[in-house]
Amino acid sequence: MASCLLMSCNRLPVVYNLSEMNYIFLNQDSAQVSFPSAYEGKIVVMSFIYTHCPDICPLTTNNMQRLQDTLSMDGIKDVQFVTLTFDPNRDTPHVLKEYAAIRGINFKDWDFLSGSKANTDSVLYSIDVRYFPGDSSYTKDGQLIYYITHIDKSVLIDQNGKVRGTYGGSQLDFGRIVEDIKSLE
Amino acid sequence: MLMLLFVSSFTFQISASGHRRQVSGIMVEKAYVRTAAKGMTSAAYFKTVNNSDTADTLYDVKADFTDMAMLHETFRDNGMVGMKEVDFVAVPARDSIEFKPGGYHVMLMNVKEALKTGMNVELELLFKHGGTIKVDAIVKE
């Protein structure tokens with residue numbers, strides 16, 4: 001108990017420790033972002049999408065927008081939103097920016113990250129976010145369109161790069177994540 | 001007089017702000033399409049109500065505002081989500097089928113122009129018995 005008081009223990013246990021990693025991504029403005037150190041000192045809500053996903057991923061993004069609005073109304077500041085793509089092959093920074101912009105997303109506290117497959121997989125696998133190729137189709141002119149089967153998840157990262165909670169993406173427990181964010185402030 | 005009333009109940013088209021169409025006992029309502037930037041992927045959702053005594057089948061969708069439209073279904077399995085193409089969706093007699101997020105949807109690939117909130121687009125739904133039903137869908141997130 002005494003050690004807990006001295007160390008400012010949080011009620012949320014550490015689920016994954018990302019503080020030792022350092023992977024470079026590009027955000028929607030093609031600026032380099034070192035993950036997770038770029039967000040040190042901030043609470044981070046991280047979600048995972050790919051822009052060719054028509055159904056689930058827009059739900060996840062919409063949930064993140066709603067969460068951002070809720071936190072703002074509750075006066076909770078300094079929460080960074082990060083969205084990482086499963087599909088850096090197609091989801092370039094420009095594509096991610098268009099995906100977000102048409103949804104009216106404010107990039108002030110929200111980065112959409114795209115990186116190499118190796119860096120992407122390193123981050124995803126470290127937090128048990130799995131994905132694999134799913135069904136595919138061909139357009140009339142023979143272009144291959146593939147879909148991705150992926151986990152439906154978002155994570156809460158504390159100010160020191162430690163994951164403190166996992167939640168749904170398209171099915172988000174707003175009450176729980178807001179309470180958990182408040183406990184990290 | 002009675003015959004006229006009988007025919008009209010099954011073949012008239014209702015157009016209330018373009019959001020509801022009924023042809024041959026099949027009614028399509030609450031149609032909407034997700035926002036999407038030009039060249040990207042969107043999805044269409046709607047409710048199909050079968051007011052007839054005959055089951056029907058939705059087997060295709062056409063959308064001029066996009067390169068390809070396909071019937072799809074989202075599935076969930078042990079925390080993973082994915083989607084698969086479906087060849088058709090049956091609409092039982094005196095019943096309804098809803099295309100909604102997380103379930104059946106029309107996948108719209110490579111939209112030709114940006115779909116912005118508030119725009120209206122047209123879908124053509126092809127039914128085995130009901131024929132082609134044109135529906136106005138509103139764009140929203």
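1. Two strands are said to pair if DSSP finds at least two bridges between them. By that rule β3(B) and strand β8 of chain B, residues 95-99, form a pair in the antiparallel sense, joined over five bridges, and one place to look for this pairing is V49(B), whose bridge partner in β8(B) is S96(B). Please keep in mind throughout that the model under discussion is predicted.

2. The confidence of the prediction deserves a word before the details. Chain A has an average pLDDT of 93, and 95% of its residues score at least 70. The exception to bear in mind is the start of the chain, since over residues 1-8 of chain A the pLDDT stays under 50, and for this stretch the model has one contact beyond four places in sequence.

3. Turning to chain B as a whole, the chain contains one helix and eleven strands, and, read from the N terminus on, its elements follow the order α-β-β-β-β-β-β-β-β-β-β-β. Of the 141 residues in chain B, buried residues make up 36%. If one takes the contacts in chain B with a separation of 6 or more, 64% of them are between residues 24 or more positions apart.

4. The strand β3(B) has further partners besides the one in the opening point. Six bridges join it to β2(B), with the two strands running antiparallel, and in this pairing I26(B) stands opposite N50(B). Three bridges join β3(B) to strand β9 of chain B, residues 104-111, again in an antiparallel arrangement, where S42(B) has L108(B) as its bridge partner. How many of the nine residues of β3(B) are buried? Seven of them are, so the strand is largely enclosed by the rest of the structure.

5. A single residue, T35(B), is worth following by eye, and it lies in the loop between β2 (26-34) and β3 (42-50) of chain B. Is T35(B) buried or exposed? T35(B) counts as buried because it has 21 C-beta neighbours inside 10 Å, where the cut-off for a buried residue is 20 or more. Leaving aside residues up to four places away in sequence, T35(B) touches I102(A) and R103(A) in chain A, and L115(B), K116(B), T117(B), V139(B) and E141(B) in chain B. P101(B), which is 66 residues from T35(B) in sequence, is 14 Å from it in space, taken C-alpha to C-alpha.

6. The two chains meet through 25 residues of chain A, which are in contact with 29 residues of chain B. On the side of chain A that touches chain B, at least two residues are supplied by each of α2 (56-73), α3, β7 (131-138) and β8 (144-151) of chain A, and β8(A) gives the most, with five residues. Sorted by class, this side of chain A has nine nonpolar, nine polar and seven charged residues. There is also strand pairing across the chains, for β8(A) and strand β6 of chain B, residues 80-85, pair in the antiparallel sense over two bridges, with I151(A) opposite M80(B).

7. Within chain A, six strands form an open sheet of mixed pairing, in the order β1-β10-β9-β4-β5-β6. Its edge strands are β1 (16-17) and β6 of chain A, each of which pairs on one side only. Inside the sheet, β4 (residues 43-49) and β9 (residues 154-157) of chain A pair in the antiparallel sense over four bridges, and V44(A) stands opposite I157(A). Helix α5 of chain A, residues 174-184, packs on the sheet, where it touches β4, β5, β9 and β10 of chain A, and its direction makes about 165° with that of β10(A).

8. Helix α3 of chain A, residues 93-101, has as its buried residues P93(A), V95(A), L96(A), Y99(A) and A100(A). Why do these residues lie on the same side of α3(A)? They cover an arc of only 160° around the axis, which puts them on the same side of the helix. The buried residues of α3(A) pack against β2 (23-26), β5 (79-85) and β6 (110-113) of chain A.

9. The strand β2(A) has a covered face, made by Y23(A) and F25(A), and an uncovered face, made by I24(A) and L26(A). With strand β3 of chain A, residues 32-35, it pairs in the antiparallel sense over four bridges, and the bridge partner of Y23(A) is F35(A). The two strands β2(A) and β3(A) form a hairpin with five residues between them, and S30(A) in the turn has a positive phi of about 60°.

Methods
Residues numbered from 1 in each chain as written. Chains lettered and ligands numbered in written order. Predicted model: local features only at pLDDT ≥ 70, side-chain atom pairs only at ≥ 80, totals over all residues. Buried ≥ 20, exposed ≤ 12 C-beta atoms within 10 Å, placed from the backbone. Arc of directions from axis to C-beta. Contact = placed C-beta atoms within 7 Å. Nonpolar A, V, L, I, M, F, W, Y, C, P; charged D, E, K, R; others polar. pLDDT = per-residue confidence, 0-100. Axes fitted to C-alpha atoms, helices over the stretch in contact; angles between N-to-C directions.
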